[in-house]
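Here are some exercises to work through with the model open beside you. Try each task before you read its solution.

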Amino acid sequence: MGPTSANTVQSAQPEPDIVVVGGGPAGSTAAAFLAAKGRRVVLVEKEAHPRFHIGESLLPRNLDIFERLGVLEEVRAIGVHKPGAEFASDRTGRTCPFPFAAALDRDRTYSWQVRRSELDELLFKNAIRKGATAFQETRVTDIQLGKKGERSRVTAKGKDGEVMEWHPRYVLDASGRDTFLASRMDVKVSNKYNNTAAIYGHFEGVLRREGELEGYIGIHLAEDGWFWLIPLRDGLMSIGFVGNQSAWKNRTGTPTELFMSRIASSLTVSERTQNAKLVSEVFSTANYSYRARQGNGEGFLMIGDAYGFVDPMFSTGVLMAMTAGELGAEAAHTWLDNPAKGQRLADRTNRELGLAMDRIGWLIYRINDPVMRTMFMSPTNKFWMRDGIVNLLAGNLRGSLRATLPILCFKTAYYLMIALRKRGMGRNLPEETPEASPLRS
Ligand SMILES: Cc1cc2nc3c(=O)[nH]c(=O)nc-3n(C[C@H](O)[C@H](O)[C@H](O)COP(=O)(O)OP(=O)(O)OC[C@H]3O[C@@H](n4cnc5c(N)ncnc54)[C@H](O)[C@@H]3O)c2cc1C
């Protein structure tokens, strides 16, 4: 797909109101909403769509944003129906399905799993359709943020080395894990509880789950990390392993050998990959979760992974990126007319995303704890705790009172069990022995 504009300096064009750096889900969402409001938007992407990207499993709440963007049916056409998530434990061999239909909010009971090359191209094209001027194979190389009342200067380089420059009033940084502004401003803080790395690729011939479970994402909890198994169209399965530091110690061999040996060492994953064939390159991502200490300021806002990233166990990345894209568009649009009000909305955008990351991070960073694993793999619905967890898994991350109470009960039960065990009063847990969960109703 070619960009709408030739890769030449837009000197004849009026200066844009907003430059969006990065044409992934966050950037394309923000550009589409801003262009639809009549703002002059330039969207700059360093690669050419369609391009490979990881992050293929979406959540039910994503559908709301697809609908508001007007692309719901287009996404449906490229997706594999995903009605829930199934967790499997290597320690016990047990599996536990979490159907989205059991969430507290039942208006969206499914989502899709997609090739990101297709989703991201579709969202990028939609931003163009809505009126954004888009450039591909054009890398932003410098941003000089303007002082109060001044325009910023954004410089970029096209694929033939041509230099482009824009002077927008507002900059949205949606550069993903490149964290363009956060890195240059030196405000990126890594999460010491999630110092992990991921290795992943696409396979054919992986045993699919049957019936209702066929479209579920599989999350397989191993000893020193976890796997995802994401069913894609055309018989493909995306498999990835996210490992703690200990998982990578003494590693030898090529990335492919390392990946295959990790798969072989998992009881529950290797059961499904007996006849599987790797059909893609093997990719890896290191230095995992982080957040920017400062996510916005005079005339700029970081959205999506450019602001923060949390371990993808619950498939929250695209939803959070698109939510930030939508909220960020509102903040930028407002800022252009009323900077003080726009600033408050920019703060809210970062705050909401930070809180959502904290909510799911609390669960993810405890997942290797036997108490947490037991509660997770044998969930009780006392005080709607299971439905509350499913609610989170469905992407209801914004913390209404109704959604928060069951999670508070879950946390209380967790801390209670931890305290009892410290005093030697807890029973053995299923994640240590095959007994039933003390929390099972
Ligand atoms: C191992 C792993 C597994 C994951 N699994 C899932 C999952 O199953 N489900 C899920 O929802 N999320 C998942 N995620 C998270 C998900 O990939 C991201 O959260 C999501 O892609 C963020 O979208 P974004 O638009 O913020 O960034 P990106 O999608 O990374 O887009 C940023 C874009 O900016 C461009 N760019 C960067 N720098 C520049 C520059 N200087 N100039 C111009 N363009 C630039 C990049 O080329 C890119 O296209 C996973 C992440 C990882 C690492």
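**Exercise 1.** In what order do the 6 strands of the open sheet stand, and is the pairing parallel, antiparallel or mixed?

*Solution.* In this predicted model, the strand order reads 7-2-1-11-21-20, and the pairing is mixed. Next, look at the edges: strand 7 (133-135) and strand 20 (296-297) have a single partner strand each, so one side of each lacks a neighbour in the sheet. Now add the helix that packs on this sheet: helix 9 touches strand 1, strand 11 (170-173) and strand 21 (300-302). The direction of helix 9 makes about 170 degrees with that of strand 11.

**Exercise 2.** Find the sense in which strand 1 and strand 2 pair, and the residue of strand 2 opposite V19.

*Solution.* Start with residues 18-21 for strand 1 and 41-44 for strand 2; they are joined by 4 bridges in the parallel sense. Then step across from V19, and you arrive at V42.

**Exercise 3.** Describe the shell around the ligand.

*Solution.* Begin with the count: 39 residues surround the ligand, and G24, G55, G176, G304 and G317 are the closest. Sort the shell by class to get 16 nonpolar, 15 polar and 8 charged residues. Then trace the elements: helix 1 (25-36), strand 8 (139-144), strand 13 (197-204) and helix 9 (317-337) each supply at least two residues. Helix 9 gives the most, with 4 residues. Finally, domain 1 (18-70 + 115-189 + 291-360) and domain 2 (80-113 + 192-285) each provide at least three residues of the shell.

**Exercise 4.** Locate stretches where confidence is low.

*Solution.* Take the chain average, a pLDDT of 91, with 93% of the residues scoring at least 70. Against that, pLDDT stays under 50 over residues 1-11 and over residues 433-441.

Terms used:
Residues are numbered from 1 along each chain as its sequence is written. This is a predicted model: local features need pLDDT of at least 70, side-chain atom pairs count only at pLDDT 80 or more; totals for chains, interfaces and linings use all residues. pLDDT is the predictor's confidence in each residue, from 0 to 100. Two residues are in contact if their C-beta atoms, placed from the backbone, lie within 7 Å. A residue is near a molecule or strand if its C-beta atom, placed from the backbone, lies within 6 Å of it. Ala, Val, Leu, Ile, Met, Phe, Trp, Tyr, Cys and Pro count as nonpolar, Asp, Glu, Lys and Arg as charged, and the others, Gly among them, as polar. Domain bounds come from an automatic or database domain assignment. Two strands pair if DSSP finds at least two bridges between them. Axes are lines fitted to C-alpha atoms, for helices over the stretch in contact, and angles run from 0 to 180 degrees between N-to-C directions.
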